[in-house]
Amino acid sequence: MSARILLVDDDKALLDALPQALELRMDEIQIDTSETAIEALERIRDTDYDAIVSDIKMPGMDGLALLHEIRELRPTTPTLMITGHGERDLAVQALRGGAYDFVQKPIDRDYFVASLERAIQLRRLDREVEQQRLALERHARVLEHVDDGVFLVDGGGVIRHWNPAAQAITGISADQALERPAGETLPGWEIVAPLIPVASMPGPGSLEAKVVPLELDGRELWLSISGVTFSDGVVYAFRSLTEERALDELKGEFIATVSHELRTPLAAIYGSAQTLLREDVELDESDKKRLLDVIAQESERLSRIADDILFANKLDSGQFALGDNGIDLRGLARDVVEEMRACFAARDNISFELTVPDALDSVAGDPDRLRQVLINLIDNAVKYSPDGGRIEVVVEARDGGVRVAVRDEGIGIAPLEQRRIFGKFYRVDPGLARGVGGTGLGLYICRELVRRMEGRLSVSSEEGKGSTFVVDLPVSVAVGKDGAAVAQPVAP
């Protein structure tokens, strides 16, 4: 590659002789000349030279002033200064001012050529480093926009790069991750790191990523991660499989729950039907009625299971629309409690209490679906009170809304489970140790219905002491004559 040099000197004889001498001693070299510093500056602005050679003493702008300008315009271009004999002080000033080297007159051609070649080589190395830096910056910008999380861990185990996707997936910002040991940034990293496959060079399909769990701020993340090693450490690329894993678990829970819930009524129906069909067994009318009642009841149970699954799917797909009418919650609560009393009349260890205010604002929402929510909550309260107890339903006015609380004295819910009970297919008693069945869809449906009525469903509970489910709903609002919003009262 040809090197381009600029010679600056007011001595025309030197400008004629020195280029010829350099061209004889150096290959592939192009030399420009300037008699003044001003002219030289114009050339330097237009051309990025590999090296500049300038006399220190020149009329007008001298070499030291030119050196200062060069440092401003081209800070990485090496500059050699030519000094006269006995001008050591000027040479020292030049070196302090950033000159690469100085050459005294009369010029030692061999020394000058050697120094110039070193300067040119230095400039080429600087350019290579700059190109590598720019390439790294381009690569870094690319990494800023990829969907996968990417981070670099150096040989000392310290994180040196952390892209935005890594932050989005983990919730850990670059400020929290960079320049810190990976084990501090990612709890459990020391355990999972040896399990992660690391390739010696990148390539499609070279290694299958490993799925590993990490717990961050109480959240369990499942990451599909692999690495590639290079001179500065290991680059890890990962993506989150947390949702996919949760979906797989949900599918497993669905299959296990539904298969169990279907098996029980199907067994009862099949057994009753087989008994009715047996010719070797004589049944009186009361026995036949009892078996037919079992078939009817268990068929209804199957129908409810199918309805819950279909209804939950309809909620998820966005195909379900709620009515938007004013609801007389006092009347609705009375009707529901009376219905549930009749439903559980055979349970003499269960009692129901209803507390309602004398007057209450109308509630905004769908009365049929709110009835479904209250029935489900009360049914759950009875279901999870296997030893009996009091079921209390309290309706009260709240600021800007109405609250319904359903309290029981049943088995209660552990603190960790309270965050999960509104999820699909989750049951407090999954092993049926207390004889409590169900699809685990009831509370999920309740939460979604209440949410669609602009309300909130929450729970507070203590194991062994019962649970309280609370429904908060906004009051129905109409516009008055003056344009102000007013609550709609319900007559007592």
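1. A crossing of two helices is termed left-handed if the near helix is turned anticlockwise from the far one by less than a right angle, and right-handed if it is turned clockwise. In this predicted model, the crossing of α12 and α13 is right-handed.

2. The geometry of that pair is as follows. Helix α12 spans residues 329-343 and helix α13 spans residues 367-383; their axes lie 10 Å apart and make an angle of about 45°. That angle makes α12 oblique to α13.

3. The contact between these two helices involves Leu329, Leu332, Asp335, Val336, Val337, Glu339 and Met340 on the α12 side. On the α13 side, the residues are Pro367, Leu370, Arg371, Leu374, Ile375, Ile378 and Asp379. Classified by residue type, the contact of α12 with α13 comprises 10 nonpolar and 4 charged residues, with no polar ones.

4. Helix α13 also packs against helix α15, which covers residues 442-452. Here the angle is about 145° and the axes are 10 Å apart. The crossing of α13 with α15 is left-handed, whereas that of α12 with α13 is right-handed.

5. In the second contact, α13 contributes Arg369, Gln372, Val373, Asn376, Leu377 and Asn380. Helix α15 meets them with Gly442, Leu443, Ile445, Cys446, Leu449 and Val450. The contact of α13 with α15 contains 7 nonpolar, 4 polar and 1 charged residues.

6. Turning to the sheet, 5 strands are arranged in the order β2-β1-β3-β4-β5, with parallel pairing, and the sheet is open. Strands β2 (29-34) and β5 (101-104) stand at the edges with a single partner strand each, so one side of each has no neighbour in the sheet. From one strand to the next, the twist averages 20°.

7. At the β5 edge, strand β4 (residues 79-83) pairs with β5 in the parallel sense over 4 bridges. Within this region, Ile82 stands opposite Val103 in β5. Helix α4 (residues 88-96) packs on the sheet and touches both β4 and β5, and its direction makes about 160° with that of β5.

8. Another helix, α2 (residues 37-46), lies across β1 (3-8), β2 and β3 (51-55). The direction of α2 is at about 140° to β2, one of the two edge strands.

Definitions and conventions:
Residues are numbered from 1 along each chain as its sequence is written. This is a predicted model: local features need pLDDT of at least 70, side-chain atom pairs count only at pLDDT 80 or more; totals for chains, interfaces and linings use all residues. Side-chain values use heavy atoms; hydrogens and water are left out. Axes are lines fitted to C-alpha atoms, for helices over the stretch in contact, and angles run from 0 to 180 degrees between N-to-C directions. Angles under 35 degrees count as roughly parallel, over 145 as roughly antiparallel, 65 to 115 as roughly perpendicular and the rest as oblique. Contact means heavy atoms within 4.5 Å. Ala, Val, Leu, Ile, Met, Phe, Trp, Tyr, Cys and Pro count as nonpolar, Asp, Glu, Lys and Arg as charged, and the others, Gly among them, as polar. Two strands pair if DSSP finds at least two bridges between them.
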